[in-house]
Amino acid sequence: MVRETSLSPDDFIHPLFVTHGKGVKKEVSAMPGCFQESVDKVVKSAKEIHSLGIPSVILFGIPEHKDEKGSGAFDDKGVVQKAIKAIKDAVPGLYVITDVCMCEYTSHGHCGIIEGGDVANDPTLGLLAKEAVSHARAGADMVAPSDMMDGRVEAIRLALDDEGFPEVPIMSYAAKYASAFYGPFREAAESTPQFGDRRSYQMDPANRIEALREVALDMEEGADIVMVKPALSYLDIISDVKDNFDVPVAAYNVSGEYSLVKAAGRLGWIDEERMMMEILTSIKRAGADLILTYFAKDAAKILNK
Ligand code: PBG
């Protein structure tokens with residue numbers, strides 16, 4: 001009766017990894033229960049997710065070919081574009097969000113294009129805008145830029161408006177930290193940088209006030225939902241963003257946070273189910289309105305009991 005925080009399957013956004021081919025369903029080794037799936041298989045997963053009462057998925061693409069400019073990202077016949085159409089056809093009630101970034105599509109694995117050995121912010125913006133428009137054209141309900149280039153929310157907003165998609169909202173990965181917790185995801189999305197790291201565009205884990213500046217900028221540029229990522233080591237940031245801005249806040253319970261619990265659960269060192277629910281509750285208690293999590297199905301099954 002006096003509990004302040006309650007979880008619901010409604011809170012969750014389920015990440016899905018779409019790969020090329022047919023009949024492919026390959027488990028990610030460090031993320032038991034998570035798969036790289038071809039479009040036919042991803043549609044099946046989408047149906048199950050929807051049937052559990054989870055309202056939304058976010059799609060990541062693993063293209064057949066990568067190149068310097070990440071052209072697979074804005075190919076209207078790309079894996080994500082095909083998956084959006086197939087999911088919207090088969091499960092129209094499921095809200096489809098797409099991750100907008102270059103790292104899964106570039107041969108070097110960086111989130112922007114490379115000029116003079118470094119990631120070039122401004123020349124990347126046009127490519128991200130093209131990618132977002134291509135996703136919207138395929139039927140995406142919302143786009144979520146995760147690259148952390150400065151100015152990309154505005155570039156994407158203007159491009160969507162120009163191309164006839166003024167109603168497609170933007171969820172920006174606004175405060176995204178350069179984190180070791182992304183390790184397992186990079187195996188899942190095959191997006192490990194081939195040189196250097198992401199510290200020139202993602203945030204320093206030691207910084208708190210800077211997160212508020214990042215969020216304010218993204219909101220000025222037109223973000224509809226702002227995200228904090230990762231979640232668990234950044235509950236203070238989630239709480240700060242919730243307290244300072246009147247906008248829905250999303251938190252990404254990232255791959256490493258999932259792998260830790262799964263690994264310790266497999267070793268019998270923890271009560272995996274209780275720990276999962278406690279983690280998700282704490283993220284919500286900190287102020288997240290939405291949680292992107294690989295636990296979505298497992299948690300929904302418990303909540304639906
Ligand atoms: C792409 C992107 C990453 C994640 C989401 N989008 C990886 C990264 O920035 O290296 C991480 C998600 C996770 O770890 O679960 N830029």
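Lys and Arg count as positive and Asp and Glu as negative, while His and the chain ends are left uncounted. The exercises below concern a predicted model.

**Exercise 1. Charge distribution**

Determine how far apart the mean positions of the positive and negative charges of the chain are.

*Solution.* Step one is to count the charges: the chain carries 33 positive and 48 negative charges. Step two is to take the mean position of each set; these two positions lie 7 Å apart.

**Exercise 2. Overall form**

Decide what the radius of gyration of the chain says when set against the value for a compact globule.

*Solution.* A compact globule of 305 residues would have a radius of gyration near 19 Å. The chain has 18 Å, which agrees with that expectation. As a further description, the C-alpha trace spans about 55 × 45 × 40 Å along its principal axes. Turning to burial, 57% of the 305 residues count as buried, the cut-off being under 20% relative accessible area. Finally, the accessible surface comes to about 12900 Å², and carbon and sulfur atoms contribute 51% of it.

**Exercise 3. A strand and its partner**

Establish whether strand E9 is buried or exposed, and which strand pairs with E9.

*Solution.* Begin with the inventory: the chain contains 10 helices and 12 strands. Strand E9 covers residues 171-176, and 6 of its 6 residues are buried. Next, consider pairing: E9 and strand E10, residues 225-229, run in the parallel sense and share 5 bridges. At the level of single residues, Ala-175 has Val-228 in E10 as its bridge partner.

Technical notes: Residues are numbered from 1 along each chain as its sequence is written. This is a predicted model: local features need pLDDT of at least 70, side-chain atom pairs count only at pLDDT 80 or more; totals for chains, interfaces and linings use all residues. Side-chain values use heavy atoms; hydrogens and water are left out. Helices (H or I, at least four residues) and strands (E, at least two) are DSSP runs, numbered from the N terminus. The radius of gyration is taken over C-alpha atoms; the globule rule is 2.2 Å times the number of residues to the power 0.38. Buried means under 20% relative accessible area, exposed over 50%, partly exposed in between (1.4 Å probe, protein chains only). Accessible areas come from the Shrake-Rupley method with a 1.4 Å probe; for residues, only the protein chains shown count as cover. The place of a charge is taken as NZ of Lys, CZ of Arg, CG of Asp or CD of Glu. Two strands pair if DSSP finds at least two bridges between them.
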